[in-house]
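Work through the exercises below with the sequence and the structure at hand. Try each task before reading its solution.

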Amino acid sequence: MKQTRRECLTAEQISLYNDTGYLVLENHLELDVIQNIRDEIARLELLAVGMTESDDRFDLEDSHKPDVPRIRRIKLPHTQSDVVKELLYSDSILAPVRDLIGPNVRLRTTKLNMKSAEYGAPIEWHQDLAFYPYTNDDVLAVGIIIDDMESKNGPLMVYPGTHKGPIYNHHINGVFAGGMSVSDAGLKSEDAVELKGPAGSVSIHHGRIVHGSAKNTSDRSRRLMFFEMTASDAFPIIGSMDAFKNMEHFDQQILCGEKIIEPRLSNIHLRIPQPQPDKNKSIYEIQKAMNPSDLIT
Ligand SMILES: O=C(O)CCC(=O)C(=O)O
């Protein structure tokens with residue numbers, strides 16, 4: 001059920017999202033909110049000193065050393081920081097989401113992707129719904145730009161309009177590899193759009209849109225936090241990489257609106273991300289199986 005009254009976005013922004021599958025809200029958040037998040041990142045980074053391998057809090061870069069920590073992802077930052085949790089539940093985040101997918105919104109996950117200066121790992125082309133198929137496609141990710149985002153920082157890149165197409169093949173040799181070949185999909189590199197903006201800007205991308213990001217070649221870090229959400233009547237389909245624990249846990253993920261036990265089924269194309277590779281399930285590791293010619297350079 002879509003909102004009947006808009007809270008935050010203009011009719012033009014909603015129609016742009018529906019047509020292209022993405023939006024950028026420039027300078028959407030106050031800089032003191034962003035500074036508070038940066039302070040939280042600095043606090044969390046200290047916890048990675050001495051770590052020798054990734055755990056359920058941090059995904060470490062291949063070049064990480066216990067005395068020179070390099071985190072590529074802070075996992076579930078809303079569970080590690082009250083500042084992040086407060087932002088997640090705020091109207092600054094939820095009002096535009098309600099304008100796009102309706103009043104009943106469930107959290108799927110949160111993550112904070114860090115790309116270190118002159119290094120930060122790329123994330124290869126993929127569609128989020130390839131990892132977690134849902135019964136309908138009111139599924140999106142809100143991206144909070146924590147550092148000014150320019151081309152050399154490895155911004156998120158999207159192929160506009162691909163949210164209306166199929167879920168492409170993300171398998172290599174019959175095993176889910178978490179990435180796809182844009183050339184096999186007939187997409188032209190010149191059509192990809194970079195989602196850039198000053199710190200405090202917010203991007204929103206549809207769960208089906210083809211997207212990825214290159215290495216950070218700049219001399220400063222690039223931090224981008226994602227809050228991924230679904231309409232509450234979108235239910236995960238068996239084989240998804242999202243584990244469905246039980247209804248109580250599922251309902252605890254509701255960010256606003258009502259509990260729903262009637263899934264809404266849409267006539268959408270999906271693929272099941274199975275079988276899974278026989279290793280750690282981080283996107284960075286899974287994508288290592290991809291063909292070199294399909295990688296973002
Ligand atoms: O951090 C990025 O640039 C890409 C994020 C992304 O697509 C993901 O984490 O699935």
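**Exercise 1.** Find which residues touch the most other members of the largest nonpolar core.

*Solution.* The model is a predicted one. Start with the core as a set: the largest nonpolar core has 56 residues. Next, pick out the members that touch the most others: V97, L140, V142, V158 and I204. Then take V142 and leave out residues up to four places away in sequence; its contacts are I93, V97, V202, I204, F226 and F227.

**Exercise 2.** Decide whether helix α5 is largely enclosed or not, and give the reason.

*Solution.* Helix α5 covers residues 91-101. A residue counts as buried if 20 or more other C-beta atoms lie within 10 Å of its own. In α5 the buried residues are I93, L94, P96, V97, R98, D99, L100 and I101. That makes eight of 11 residues, so the helix is largely enclosed by the rest of the structure. Just after α5 comes G102, with a positive phi of about 100 degrees.

**Exercise 3.** Work out the strand order of the open four-stranded sheet, and which strands stand at the edges.

*Solution.* Begin with one pair: β7 (residues 156-158) and β12 (residues 211-213) are antiparallel and share three bridges. Within this pair, V158 has H211 of β12 as its bridge partner. Now extend to the whole sheet, where the order is β5-β12-β7-β10 with antiparallel pairing. β5 (123-126) and β10 (193-195) each have a single partner strand, so they stand at the edges and one side of each lacks a neighbour in the sheet. From one strand to the next, the twist averages 25 degrees.

Technical notes: Residues are numbered from 1 along each chain as its sequence is written. This is a predicted model: local features need pLDDT of at least 70, side-chain atom pairs count only at pLDDT 80 or more; totals for chains, interfaces and linings use all residues. Two strands pair if DSSP finds at least two bridges between them. Helices (H or I, at least four residues) and strands (E, at least two) are DSSP runs, numbered from the N terminus. Axes are lines fitted to C-alpha atoms, for helices over the stretch in contact, and angles run from 0 to 180 degrees between N-to-C directions. A residue is buried if 20 or more other C-beta atoms lie within 10 Å of its own, exposed if 12 or fewer, and partly exposed in between; C-beta atoms are placed from the backbone. A nonpolar core is a set of buried Ala, Val, Leu, Ile, Met, Phe, Trp, Tyr and Cys residues joined through C-beta atoms within 7 Å. Two residues are in contact if their C-beta atoms, placed from the backbone, lie within 7 Å.
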